[in-house]
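Here are a few short exercises to help you find your way around a new structure. Try each task yourself before reading its solution.

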Amino acid sequence: MANATYDRKEQFQQIQSGLLDGEQIIAVYDAVGTGTGFIGLTDRRVIIQDRSFIGKRFAITSIPYSKITSVSVVSNKSWGGSFFSTGAIAIHVGTHTYEVEFRGAQKSHHVHNVILHYIS
């Protein structure tokens with residue numbers, strides 16, 4: 001776990017507090033925009049903090065890699081063809097899609113590649 005990547009220590013600690021025996025954190029990234037607080041990646045699952053519930057409530061959702069059907073990188077491109085400073089991924093689980101937007105396209109690519117590694 002010493003080599004896990006994270007943006008905010010409190011988010012990392014929140015994921016750490018809910019780990020299963022032997023489970024290892026790969027990365028915890030802060031999300032931008034409405035709805036999602038952060039995403040955590042472990043060697044067993046994806047963990048998303050969903051802030052879209054009414055009344056300041058939120059949920060921590062665990063998605064086993066075996067339930068993910070696909071993952072997409074969603075990018076905004078400027079007219080010049082270069083990436084903006086944000087990147088997003090979409091995680092498809094059955095008929096539901098979780099979209100998470102990050103500060104910096106490199107984080108979305110890292111999340112995409114980790115998920116793709118575990119689902120393929």
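**Exercise 1.** Decide whether Q49 is buried or exposed in this predicted model.

*Solution.* Start with the relative accessible area, which is 9% for Q49. The cut-off for buried is under 20%, so Q49 counts as buried. Next, place the residue: Q49 belongs to strand β4, residues 45–50. Finally, look at what surrounds Q49. Setting aside neighbours within four places in sequence, its contacts are Q14, G35, T36, G37, F38, F58, A59 and I60.

**Exercise 2.** Find which residue stands opposite Q49 in β5, and describe how the two strands are joined.

*Solution.* The residue opposite Q49 is I60. Strands β4 and β5 run antiparallel, and 6 bridges join them. Now follow the side chains along β5, residues 59–64. A59, T61 and I63 point to one face and are buried, whereas I60, S62 and P64 point to the other face and are not.

**Exercise 3.** Work out the order of the strands in the open sheet, and say which strands stand at its edges.

*Solution.* The sheet has 5 strands in the order β1-β2-β3-β4-β5, with mixed pairing. β1 (5–6) and β5 each have a single partner strand, so they stand at the edges, and one side of each is left without a neighbour in the sheet. Then add the helices. Helix α1 (residues 9–17) lies across β1, β2, β3, β4 and β5, at about 135° to β2. Helix α2 (residues 105–119) lies across β2, β3 and β4, at about 145° to β2.

**Exercise 4.** Name the residues that touch the most other members of the largest nonpolar core, and trace which elements supply this core.

*Solution.* The core holds 19 residues, and I39, V46, I91 and I115 touch the most other members. At least two residues come from each of β2, β3, β4, β7 (86–93), β8 (96–103) and α2. A second, separate core has 7 residues, including I25, V28, F38 and I47. To finish, take V46 as an example: not counting residues up to four places away in sequence, V46 touches several residues, among them I39, L41, I63, I68, I91 and I115.

Notes:
Residues numbered from 1 in each chain as written. Predicted model: local features only at pLDDT ≥ 70, side-chain atom pairs only at ≥ 80, totals over all residues. Heavy atoms only, no water. Helix = DSSP H or I, 4+ residues; strand = E, 2+ residues; numbered from the N terminus. Buried < 20%, exposed > 50% of the residue type's maximum accessible area, 1.4 Å probe, protein only. Contact = heavy atoms within 4.5 Å. Pairing = 2+ DSSP bridges. Axes fitted to C-alpha atoms, helices over the stretch in contact; angles between N-to-C directions. Core = buried A, V, L, I, M, F, W, Y, C linked by side-chain atoms within 4.5 Å.
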